[in-house]
Amino acid sequence: MIWSRIDATGRRAQPFLDYGQIVEAAVEIADADGIDALSMRKVATRLGTGTMTLYRYVSTKDELIDLMTDSVLGEVNPPAEPTSDWRGELADYARRTRRMAFRHPWAIWCLGRANLGPNLCQQIEHMMTCLDGLEIDIDEMLDMSFTVNAFTIGFVQIELSEQEARRRTGLSEQEWRERMAPYITGLLSTGKYPWLERIVHDAEDFPDPDETFERRLAHVLDGLTSGLPT
């Protein structure tokens with residue numbers, strides 16, 4: 001595993017490169033062109049070295065992505081010591097995750113299987129410390145943390161998907177809605193979809209994404225609060 005090799009050899013596997021340089025170059029490529037554009041050859045070219053030299057540090061592209069993901073998770077970790085304000089801490093974590101995802105859109109799709117890098121481990125320790133003292137067991141603590149995490153990732157994935165749709169189609173959301181209008185009008189004219197009709201006519205047309213995020217995050221936290229011991 002990449003973390004074991006780094007711990008065993010130090011952060012410099014060769015005198016002319018270190019893991020920090022490799023990860024920084026890889027993140028820059030993924031930020032600019034997406035994770036699918038990332039390759040060991042492109043990273044090596046950016047660093048001015050050969051591809052085979054890079055393989056002395058990371059064995060596979062998946063290992064490199066593990067390093068990259070943990071690196072950007074460092075932007076989520078709070079700068080201060082954990083507090084007993086679990087609600088505020090979880091809300092702050094959600095906001096930090098969302099901001100990180102917009103800086104590194106590729107990363108939100110790489111947060112599935114935990115690779116237990118140093119930043120993720122620090123994040124786990126911080127979150128569990130914040131939830132300690134609520135008189136709930138470890139599984140319930142994990143439930144609270146993962147519920148907020150799942151909401152945040154899902155919300156951001158929808159936001160980023162809209163950005164990708166704009167890039168792919170060249171249409172803004174308003175332009176896409178105008179193109180879809182005849183089809184939607186036909187759907188509603190059947191009378192089969194009363195709730196869809198109500199959404200189309202009564203729901204806010206272009207809600208502010210920040211306000212929507214905060215409102216729905218509050219609903220999640222309210223739900224977690226209701227499940228705590230009284």
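Let me start with a definition: a residue is buried when its relative accessible area is under 20%. With that cut-off, 37% of the 230 residues of this chain count as buried. What you see here is a predicted model, so please hear everything I say as computed from that prediction.

Let's begin with the overall fold. The secondary structure comes to 11 helices and 0 strands. If you read along the sequence, the pattern is α-α-α-α-α-α-α-α-α-α-α. The radius of gyration of the chain is 22 Å, while the globule rule gives 17 Å for 230 residues, so this chain is more spread out than a compact globule. You can also see that in the C-alpha trace, which spans about 70 × 50 × 25 Å along its principal axes.

Now for contacts and surface. Take the contacts in the chain with a separation of 6 or more: residues 24 or more positions apart account for 72% of them. As for the surface, the chain exposes about 13,700 Å², and carbon and sulfur atoms supply 53% of that area.

On to the largest pocket, then. What is its volume? About 1,200 Å³. There are 30 residues lining this pocket, and the closest to its centre are Glu173, Arg177, Asp205, Phe206 and Pro207. Which helices build the lining? At least two residues each come from α8 (138–169), α9 (173–189), α10 (194–202) and α11 (209–226). Of the contributors, α8 gives the most, with 9 residues. By residue class, the lining of the largest pocket divides into 15 nonpolar, 10 charged and 5 polar.

Since α8 has come up, let me stop at two of its residues. The first one I'd like to show you is Thr152, in helix α8. Is Thr152 buried or exposed? Its relative accessibility is 0%, so Thr152 counts as buried. Leaving out residues up to four places away in sequence, Thr152 touches Ala94, Thr97, Arg98 and Phe213.

The other is Glu159, which also lies in helix α8. Here we have a glutamate with a relative accessible area of 14%; the cut-off for buried is under 20%, so Glu159 is buried. Beyond its neighbours within four places in sequence, Glu159 is in contact with Arg98, Phe102 and Pro209. If you have the viewer open, Arg98 is a good place to centre: Arg98 appears among the contacts of Thr152 and among those of Glu159.

Staying in that part of the sequence, Arg99 is found in helix α6. Arg99 has a relative accessible area of 43%, and since partly exposed runs between 20% and 50%, that is where Arg99 falls. Looking back along the chain from Arg99, Gly88 is 11 residues away, and their C-alpha atoms are separated by 16 Å.

For a pair with the same spacing in sequence, go to Thr51, in helix α4 (residues 51–54). Thr51 and Met40 are 11 residues apart along the chain, and their C-alpha atoms are separated by 6.2 Å. Apart from residues up to four places away in sequence, Thr51 touches Met40, Arg41 and Ala44. At 26% relative accessibility, Thr51 counts as partly exposed.

Next, the inside of the model. How many cavities of 30 Å³ or more does the structure hold? The count is 1. About 30 Å³ of space lies in the largest cavity. Its lining is made of Val76, Asn77, Pro78, Glu89, Asp92, Tyr93, Gln123 and Met127. Both α6 (86–103) and α7 (118–131) supply at least two residues of that lining, and the largest share, 3 residues, comes from α6. The cavity lining divides into 4 nonpolar, 2 polar and 2 charged residues.

Finally, two spots in the loops for anyone who likes backbone angles. Leu116 lies in the loop between α6 and α7, and its phi is near 55 degrees, a positive value in a residue other than glycine. Leu116 is partly exposed, with a relative accessible area of 49%. One loop further on, between α7 and α8, sits Glu135. Phi of Glu135 is near 60 degrees, again a positive value in a residue other than glycine. Is Glu135 buried or exposed? At 70% relative accessibility, Glu135 counts as exposed.

That's my tour; thanks for listening, everyone.

Technical notes. Residues numbered from 1 in each chain as written. Predicted model: local features only at pLDDT ≥ 70, side-chain atom pairs only at ≥ 80, totals over all residues. Heavy atoms only, no water. 1 Å grid on protein atoms, 1.4 Å probe; cavity = no way out; pocket = protein on both sides within 12 Å on 5 of 7 lines; lining within 4 Å. Points joined across faces, edges and corners; volume = space filled by probe spheres on them. Helix = DSSP H or I, 4+ residues; strand = E, 2+ residues; numbered from the N terminus. Nonpolar A, V, L, I, M, F, W, Y, C, P; charged D, E, K, R; others polar. Rg over C-alpha atoms; globule rule 2.2 N^0.38 Å. Buried < 20%, exposed > 50% of the residue type's maximum accessible area, 1.4 Å probe, protein only. Contact = heavy atoms within 4.5 Å. Areas by Shrake-Rupley, 256 points an atom, 1.4 Å probe, with all protein chains shown as cover.
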